[in-house]
Amino acid sequence: MLIFYINERKKIIPEENKTIRFIQEMNLSSQVNLHNEQTLNIIKDPIIVVSASNKPIITFANEAFIEITGYPSDQLLHTPCLNYIHPDDRKRLQKMISSSLNNDIQWNDINNLVSFRIMCLTDEYRYFEGKISEKSRDELLIVARDIHRRKFIESSLRENRRRYQYILMNFPYGIFQADSTDSKIIKTNLTLVNLLEYDAADKLEGQSLKLIFQNENIYNKFWNSLKKQDQVSDMECQLRQSSDKLIYCKISAKLIKQGTRLIINGIIHDISKQKQLEDA
């Protein structure tokens, strides 16, 4: 037999291994009847019992599993377990089961975590990850946890980073990051690349920030002010394009600590047209 023990995050108790110890103390693998509903329903975390085969069939679902998935017990019983697993995850989960049954893996190795999605009655897939925690001659105990919220947060963060990068690259002002130690430019956006008339970002990145200033004295003025106050606001100066043509700009920057490094985060605003109108 095979037991899926699923630890729903919202039900995690302060001692997260308490339920696992409870099962081990009962020696569930060898002494407890896996179809003893009273025994399995004592555990407040979702559990299903399935036959130990390459096509496992659900033979029991405890109340906690029914609650999290929304399925009534009679709908789950005697149905293939893999039917409730996302199609993209079935091979991965089945491989873990088969490998363990054939003793091809160290079944209790903490690194043998497998992530998979379970389809709920609402047709929503919830993310879980688990590993084989207990094994006997004819059954496996797979301990897992609900990571659906974590996956949702990770997905949201990836989307936010993607949007941020899009905004950053298309921001109407030039943006750069530079290392304060050697003044080398780490990253720029497309606006700055175009403003300074470079062919591509990698032609500008890696260059010294000093090279885009009119001369070293102007850079030193910028750097000394930044070092003294941790920021510079709307410093007016001339910057040098790749063709050596000088253009009027306003530069603002701030020193940001990243680990052991001090990074210069800067914004450059082209004011050449404004200057031309003032001089006209």
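1. In this predicted model, Gln177 has Lys187 of strand 8 as its bridge partner. The pairing to which that bridge belongs joins strand 7 and strand 8 (residues 185-188) in the antiparallel sense, over three bridges. The two strands form a hairpin with five residues between them, and within the turn Ser183 has a positive phi of about 65 degrees.

2. Strand 7 has a further partner in strand 11 (residues 261-270), with which it pairs in the antiparallel sense over six bridges. One point of reference for a reader tracing this pairing is Gly174, whose bridge partner in strand 11 is Ile268. Strand 7 itself (residues 174-179) is mostly covered, five of its six residues being buried.

3. Asp179 deserves a paragraph of its own. This residue is found in strand 7, and with a relative accessible area of 9% it is buried, because buried is taken to mean under 20%. The side chain of Asp179 reaches the backbone nitrogen of Thr181, at 2.8 Å. When residues up to four places away in sequence are not counted, Asp179 touches Lys184, Ile186, Arg261, Leu262 and Ile263.

4. Ser180 follows in the loop between strand 7 and strand 8, and it too counts as buried, at 14% relative accessibility. Its side chain reaches the backbone oxygen of Leu262 at 2.7 Å. Leaving aside neighbours within four places in sequence, Ser180 is in contact with Trp223, Leu255, Leu262 and Ile264. In the case of Ile264, the two residues are 84 residues apart along the chain, while their C-alpha atoms are separated by 6.1 Å. Leu262 therefore appears in the contact lists of both Asp179 and Ser180, and it is the backbone oxygen of Leu262 that the Ser180 side chain reaches.

5. A second hairpin is made by strand 9 and strand 10, with five residues between the strands, and here Asp244 takes a positive phi near 80 degrees. Strand 9 (residues 231-240) and strand 10 (residues 246-258) run antiparallel and are joined by eight bridges. Among the paired residues is Arg240, whose bridge partner in strand 10 is Leu246.

6. On the cysteines, the structure holds zero disulfides. Cys237 is in no disulfide, and the nearest cysteine sulfur to its own, that of Cys249, is 6.6 Å away. Why is Cys249 not bonded to Cys237? The sulfur of Cys249 lies 6.6 Å from that of Cys237, its closest cysteine sulfur, which is too far for a bond, because a disulfide requires the two sulfur atoms to be within 2.5 Å. Cys237 counts as buried at 7% relative accessibility, and Cys249 counts as buried at 0%.

7. Turning to the aromatic residues, the count comes to six aromatic pairs. The rings of Phe116 and Phe128 have their centres 6.2 Å apart and their planes at 20 degrees, so this pair is stacked, the limit for stacking being planes under 30 degrees apart. The pair links distant parts of the chain, with Phe116 in strand 4 (residues 114-119) and Phe128 in strand 5 (residues 125-135), twelve residues apart. Phe116 counts as buried at 1% relative accessibility, and Phe128 counts as buried at 2%.

8. The rings of Phe213 and Tyr219 have their centres 5.5 Å apart and their planes at 75 degrees, and the pair is therefore edge-to-face, a term that applies to planes over 60 degrees apart. Phe213 is buried, with a relative accessible area of 2%, and Tyr219 counts as buried at 4% relative accessibility. Together with Phe222, Phe213 and Tyr219 form one aromatic cluster.

9. A final point concerns a charged side chain beside a ring: Lys275 lies over the face of Tyr248, at 5.3 Å from the ring centre.

Methods
Residues are numbered from 1 along each chain as its sequence is written. This is a predicted model: local features need pLDDT of at least 70, side-chain atom pairs count only at pLDDT 80 or more; totals for chains, interfaces and linings use all residues. Side-chain values use heavy atoms; hydrogens and water are left out. Rings of Phe, Tyr and Trp (its six-membered ring) pair if their centres lie within 6.5 Å; planes under 30 degrees apart count as stacked, over 60 as edge-to-face and the rest as tilted. Helices (H or I, at least four residues) and strands (E, at least two) are DSSP runs, numbered from the N terminus. Buried means under 20% relative accessible area, exposed over 50%, partly exposed in between (1.4 Å probe, protein chains only). A charge sits over a ring if NZ of Lys or CZ of Arg is within 6 Å of the ring centre and within 35 degrees of the ring normal. Two strands pair if DSSP finds at least two bridges between them. A polar contact is a pair of N or O atoms within 3.5 Å; within protein, one must be able to donate a hydrogen and the other to accept it, and residues adjacent in sequence count only if both atoms are side-chain atoms. Contact means heavy atoms within 4.5 Å.
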